[in-house]
Amino acid sequence: MSVLSATLLACGGGGGDSGSAAAAGPSAATADINSTGYAGTADGAARSTLAGFSSLALFTGSGGVFTAVASTRALAFDATVQRLAMGKLIERSQTQAADRVKALALTTTTQACDSGSLLFSINEANATAPTPGDSITVTSQNCVVAAQTVSGSVKLTLSTYSATATTSSGTADVVFTGFGIPALSLTGNVGAQFAEDASNLTVKLGYQGLTVAAANAAPVQWFHTVDYSLDLATGSATVAFSGLVGVADGYVRLDQFAPFTLSSGQPSGGTLQLTGANGARVRIIAGTTRFTYAFYAAGNSGTTADATAQGLVY
């Protein structure tokens, strides 16, 4: 496997050490949840989880290799353009890796978009052996896909890597610099841990104060973690969230009651609970095509919700 492949393998991740300074996160929920606004609060958190699903949907390439340039699909929960743009990134990176037969210190290449291009700057010490410090930077050069302009850049740097004949594991640092489309862009750090053997792939993503700027909404920061597990034999996958996630007026705590199961990159089951600073809770329940929200007022420790609402469609 080339270092490029390993670097891509590590991208998108979490929990690993970051080579760049990360913002200090909140230590507890700061936003209240109430009966009149719980659906809006849940929508904000659900968008973050859908962004994670979109990202993880592309984390496994041929042979189960973790091709995590797809982490940039966190821009994609409602944009078909990202499927196209990230597909181009992965296609280009895999072709580039397959074509490399000798060690190169630094190489650049471009991938055409509908108009403009993406510039790949690949820095690797050895084309046949992953080496900490290897990196790939993807920069938009007026790239337009499906009438959407991609801006900014994302850099993936392999921090650690080890492998045997049947296993591989490591950590990586991903830095987004205004990378995205007009509807949504990312700036900040994501840490990564990954491990793969003949049977399973596990990935832990740690958002380290990543700023998410969405159109017509105040920017929020992500400090939550995502744990992903894929059974390579069956293709079944689960995702669990924890930590604190930004919503319109602060942060709420995430607790995964039942891991989300994935089908074609989207949730098909599972329950995530949000808890506000006032103790009220919302459960985000995944169905086959959309979320359902169940609100529990502060002091309601039972199993019957005080109110329910239909949530985001995916």
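Me: Which residue does K204 form a salt bridge with?
Reply: K204 pairs up with D227. Their closest N and O atoms sit 3.3 Å apart. Keep in mind that this is a predicted model.

Me: Where in the fold are those two, K204 and D227?
Reply: K204 belongs to strand β8, residues 200-207, and D227 to strand β11, residues 225-231. The two are 23 residues apart in sequence, so the salt bridge ties those parts together.

Me: And is K204 buried, exposed or partly exposed?
Reply: K204 is partly exposed, at a relative accessible area of 26%. Its partner D227 also counts as partly exposed, with 32% relative accessibility.

Me: How many salt bridges does the count come to?
Reply: Two. Besides the K204 and D227 pair, there's one between D255 and R253.

Me: How far apart are the closest N and O atoms of D255 and R253?
Reply: They're 2.9 Å apart. As for their surroundings, D255 is partly exposed with a relative accessible area of 25%, and R253 is partly exposed with 38%.

Me: Switching to cysteines: what joins C113 to C143?
Reply: A disulfide, with an S to S distance of 2.0 Å. The count of disulfides comes to one.

Me: What's the handedness of the link between C113 and C143, left or right?
Reply: Left-handed, with -100° about the S-S bond.

Me: Which parts of the chain does that pair link?
Reply: Distant ones: C113 is in the loop between β1 (106-112) and β2 (115-123), while C143 is in strand β3, residues 135-145. That puts the two cysteines 30 residues apart.

Me: Is C113 buried or exposed?
Reply: C113 is buried, with a relative accessible area of 10%. C143 counts as buried too, at 0% relative accessibility.

Me: What about N142, which strand is that in?
Reply: N142 is found in strand β3, the strand that holds C143. While C143 is buried, N142 counts as exposed, at 65% relative accessibility.

Me: What's phi like for N142?
Reply: Phi of N142 is near 55°. That's a positive value, and N142 is a residue other than glycine.

Me: On to the rings. How many aromatic pairs turn up in the whole structure?
Reply: Six aromatic pairs are found. Ring pairs also link some phenylalanines into a cluster, made of F241, F260 and F291.

Me: Where does R283 lie?
Reply: R283 lies over the face of Y296, at 4.9 Å from the ring centre.

Me: Okay, zooming out. How many helices and strands does the protein have?
Reply: Three helices and 17 strands. Among the strands are β8 and β11, the ones that hold K204 and D227.

Me: How much of the protein counts as buried?
Reply: 50% of its 314 residues.

Me: What share of the contacts comes from residues 24 or more positions apart?
Reply: They account for 51% of the contacts with a separation of 6 or more.

Me: Last one: what does the accessible surface come to?
Reply: About 12400 Å², and 51% of that belongs to carbon and sulfur atoms.

Note on methods
Residues numbered from 1 in each chain as written. Predicted model: local features only at pLDDT ≥ 70, side-chain atom pairs only at ≥ 80, totals over all residues. Heavy atoms only, no water. Salt bridge = Lys/Arg side-chain N within 4 Å of Asp/Glu carboxyl O. Helix = DSSP H or I, 4+ residues; strand = E, 2+ residues; numbered from the N terminus. Buried < 20%, exposed > 50% of the residue type's maximum accessible area, 1.4 Å probe, protein only. Disulfide = S-S within 2.5 Å. Contact = heavy atoms within 4.5 Å. Areas by Shrake-Rupley, 256 points an atom, 1.4 Å probe, with all protein chains shown as cover. Phe/Tyr/Trp six-rings, centres within 6.5 Å; stacked < 30°, edge-to-face > 60°. Lys NZ or Arg CZ within 6 Å of the ring centre and 35° of its normal.
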